[in-house]
Amino acid sequence: MRARPWGVYLSVGAVVLAAYLAFPVGIPQDAVYTAVGLSSVVAIVAGVRLHRPARPAAWYVMAAGQLSWVVGDALYAWYNDVLGVSPFPSPADAFYLAAYPILGCGILALIRVRRQQLDLPGLIDSGIVTIGLGLVSWLVVAGPIVGSGEPALTRIVGVAYPVGDVLLLALLVRLVTVPGARTASFRLLGGAVGALLLADSAFAVMSAQSDLDTGALDLVWLASYVLWGAAALHPSMRGLTEPGTADAPSFSVGRLAALTLAVLIAPGALATQLAFDLTVQGWPVVIASVALFSLVVARMYLAIREIVAAGRKRAELQQEIAHQAAYDSLTGLANRGHLLALVEAAMHRARRSSSQLALLCIDLDRFKAVNDTFGHAAGDEVLRVVAERMRQVVRAGDTVGRLSGDEFVILIEPLEETSELLELGSRLIAAVSAPIPIGGRDVTVGASIGAAVSSDGSTDADALLHHADAATYRAKTAGRGRVELFDEALRRQLDVQADTETAIRTGLANGEFLLHYQPVLDLGTGRVEGYEALIRWERPGHGLVSPDDFIPVAEQSTLICDIGRWVLDHAAAQLAQWRWDDPAAAGLTMAVNISGRHLASPGVVDDVTSALYAVGLPGSALVVEITETVLVDRLSTAERLRELRALGVGISIDDFGTGYTSIGQLQHLHVDTLKIDKSFVNSAGPGTVELVRLMIDAAHAFGLRVVAEGIEDPDQLELLRRLACDSGQGYLFSRPQPARALPTPTTGGIRQSPLAASPS
């Protein structure tokens with residue numbers, strides 16, 4: 001494993017420190033001392049070259065400060081070892097004292113880089129700690145030097161050392177309080193400065209007591225050199241010259257403890273002087289106390305200001321969260337939950353005042369085409385413009401809300417006359433339908449509006465919204481771009497729909513549904529190639545109910561998915577039974593109609609897989625029939641179709657020609673078969689034959705098979721054969737019948753001749 005330079009340097013430094021005192025006092029020890037100092041300078045420069053921090057100037061300045069210190073060490077050793085004297089002051093002191101501001105400038109450069117903005121609390125905290133420890137330095141070191149009676153130069157130089165230490169201490173405290181990464185290099189650098197200050201302070205105290213045996217202190221100074229060099233060699237040194245990403249640190253337990261101790265230094269020093277009958281140095285204590293008191297008051301002011309700002313920000317955030325919870329982020333309108341709450345409140349007021357209120361439910365027409373043609377960004381802009389237009393049309397006291405997608409609701413309160421709704425609805429349609437400029441072109445959408453009135457507030461909000469939505473559905477089915485009012489006829493229709501939904505659920509549970517099967521023949525050979533499963537409902541009291549009477553109701557809810565699963569399971573089981581009973585039926589397929597809602601559901605592939613697996617059928621035995629409207633309106637179904645085809649399931653477009661699919665789109669659809677709607681087969685209109693020919697030729701050109709529906713007479717059969725239609729089904733061959741009534745379903749054909757089958 002590759003050795004890490006900083007680890008090697010730190011380890012070698014530790015060995016040298018451990019062996020330092022074993023060297024003879026004098027030149028050997030001083031040579032080792034100077035060598036360690038020089039190694040620190042080299043390590044700092046090497047670390048900068050090795051790791052290339054974004055702002056290396058701070059490290060180079062600190063290397064210059066260390067070099068000044070090393071020169072002072074060399075001069076001091078020369079006086080001691082060569083000249084045999086220890087003058088004070090001497091040229092060595094000049095280099096020692098110069099090192100303090102140089103090192104301070106390097107640390108200050110780090111502080112300025114790491115600080116994102118002015119941090120007054122951090123500055124005040126640093127000042128409090130610095131003044132407290134500075135008072136200790138004055139009382140213990142600087143004060144006695146000033147009053148010692150030594151020559152002025154000696155006293156000035158003597159005081160300069162503790163002043164330099166206080167300078168470095170202040171900068172160290174500030175470095176710790178500014179934001180930025182607390183990396184290993186950061187901790188090593190802090191340890192280096194701390195060791196230097198510790199050794200200096202201990203040396204000053206020992207000098208005051210005339211005890212200059214500094215052998216142990218030398219180890220601390222050497223440790224400072226080694227730690228400084230290791231900090232520069234560590235890879236994380238790059239982070240020390242990068243701006244801090246976090247805010248200035250707030251109060252913490254450690255920070256509060258340090259501030260408390262710093263503030264107590266002044267009274268503690270005075271108490272110590274009085275308790276031990278020492279000379280009371282009142283003025284330094286007074287000056288420090290006043291300065292600390294002022295800084296504490298300033299810090300309290302800033303803390304209170306921070307608390308007030310935090311409270312204001314919290315209130316703003318709460319308001320913003322409440323607004324986001326109640327309003328749509330895109331349009332700024334009331335969202336569904338907030339709107340229903342407003343409707344409920346309006347109904348309470350209506351009950352108390354016996355007044356009327358109304359809901360308008362607005363569904364945009366042709367909005368999907370905007371998303372598909374111009375993209376969702378354009379669709380969002382259309383929704384914003386439409387929302388603003390609605391706000392401008394309604395009265396000042398009315399509320400506009402957005403339910404979801406392109407559905408909007410307007411709460412009208414109070415309502416004087418029902419005619420107001422029709423007039424307002426007409427104005428809304430006109431406003432919404434006006435062209436909307438999007439990306440240099442005009443986009444046009446329309447609106448279908450349903451209105452529901454609550455005369456006495458007795459209806460709940462959900463029911464009133466349901467009534468308005470039902471009226472909107474009637475407006476869309478009646479031609480769009482109109483206003484429909486929920487009335488008794490629509491209420492009865494909803495009641496019938498609700499009863500039918502309940503009956504469908506009961507019928508599925510009680511086995512009231514059954515399947516009829518209609519054969520699909522190969523028109524070239526006359527052989528049965530498969531069957532289409534068609535659901536019927538033996539509803540108690542109603543007889544056999546056609547799918548046209550209950551499928552549209554089921555499609556309004558997830559009941560259509562339940563019906564689809566039921567048909568898949570029973571149709572697959574019937575086909576498996578035929579294949580089991582007659583080996584010649586092994587090639588038969590079963591076609592099952594799947595609704596758009598079921599196809600769009602996430603579980604449709606699992607439903608198909610489960611139906612096939614339960615009876616042991618391969619995917620190729622099943623054909624899923626979907627209308628072309630599903631392909632156009634539900635683009636999300638494309639992935640479902642790909643998954644079904646991957647299972648081997650065939651996909652057929654049912655009732656082709658009745659929707660909006662162009663022939664040119666066939667090549668892009670994930671389908672295998674095209675079923676021509678019976679309206680084209682039965683039509684005698686001019687051009688119909690050529691249109692059917694075009695459909696068949698286009699389908700064959702794109703590799704699709706063609707099935708013709710509704711073949712009822714031999715002439716139609718003969719025409720389709722001439723047009724090369726592949727397959728067909730209709731009353732000419734067989735009506736849809738229960739499985740037990742069908743002839744033996746083998747690939748050899750049905751028992752009666754197709755041409756002899758009666759259309760009755």
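Let me start with a single residue: setting aside its neighbours within four places in sequence, Thr34 is in contact with Val70 and Ala74. This is, I should say at once, a predicted model. Thr34 itself lies in helix α2, residues 27-51, and because buried here means under 20% relative accessible area, its value of 18% makes Thr34 buried.

Next, helix α14. This helix runs over residues 418-433, which is 16 residues, and its span from first C-alpha to last is 23 Å, close to the 22 Å expected at 1.5 Å a residue. Which residues of α14 are buried? They are Leu421, Leu424, Gly425, Leu428, Ile429, Ala431 and Val432. These buried residues cover an arc of only 165 degrees around the axis, so they sit on the same side of α14. As for what covers them, the list includes the helix α13 (376-393), together with β1 (356-365), β3 (407-415), β6 (446-454) and β7 (483-485).

Strand β3 brings me to the salt bridges, of which the structure holds 20. Side chains of opposite charge can pair when their charged atoms come close. In one of these bridges Arg349 pairs with Glu413, with 2.8 Å between the closest N and O atoms. Because Arg349 belongs to helix α11 (residues 336-353) and Glu413 to strand β3, this pair ties together parts that are 64 residues apart in sequence. Both partners are partly exposed, Arg349 at 36% relative accessibility and Glu413 at a relative accessible area of 21%.

A second bridge joins the side chains of Asp607 and Arg565, at 3.2 Å from N to O. Here Asp607 lies in helix α20 (residues 604-615) and Arg565 in helix α18 (residues 559-581), so the parts tied together are 42 residues apart in sequence. As to accessibility, Asp607 counts as buried at 15%, whereas Arg565, with a relative accessible area of 30%, is partly exposed.

How many residues apart are Glu690 and Arg693 in helix α24? They are 3 residues apart in that helix, which covers residues 688-701, and this means that about one helical turn separates them. Their side chains meet in a salt bridge at 3.4 Å, N to O. Glu690 is partly exposed at 47% relative accessibility, and Arg693 is likewise partly exposed, at 33%. Finally, salt bridges that share partners join Glu532, Glu625, Lys675 and Glu709 into one network.

Terms used
Residues numbered from 1 in each chain as written. Predicted model: local features only at pLDDT ≥ 70, side-chain atom pairs only at ≥ 80, totals over all residues. Heavy atoms only, no water. Helix = DSSP H or I, 4+ residues; strand = E, 2+ residues; numbered from the N terminus. Expected span 1.5 Å × (residues − 1). Buried < 20%, exposed > 50% of the residue type's maximum accessible area, 1.4 Å probe, protein only. Arc of directions from axis to C-beta. Contact = heavy atoms within 4.5 Å. Salt bridge = Lys/Arg side-chain N within 4 Å of Asp/Glu carboxyl O.
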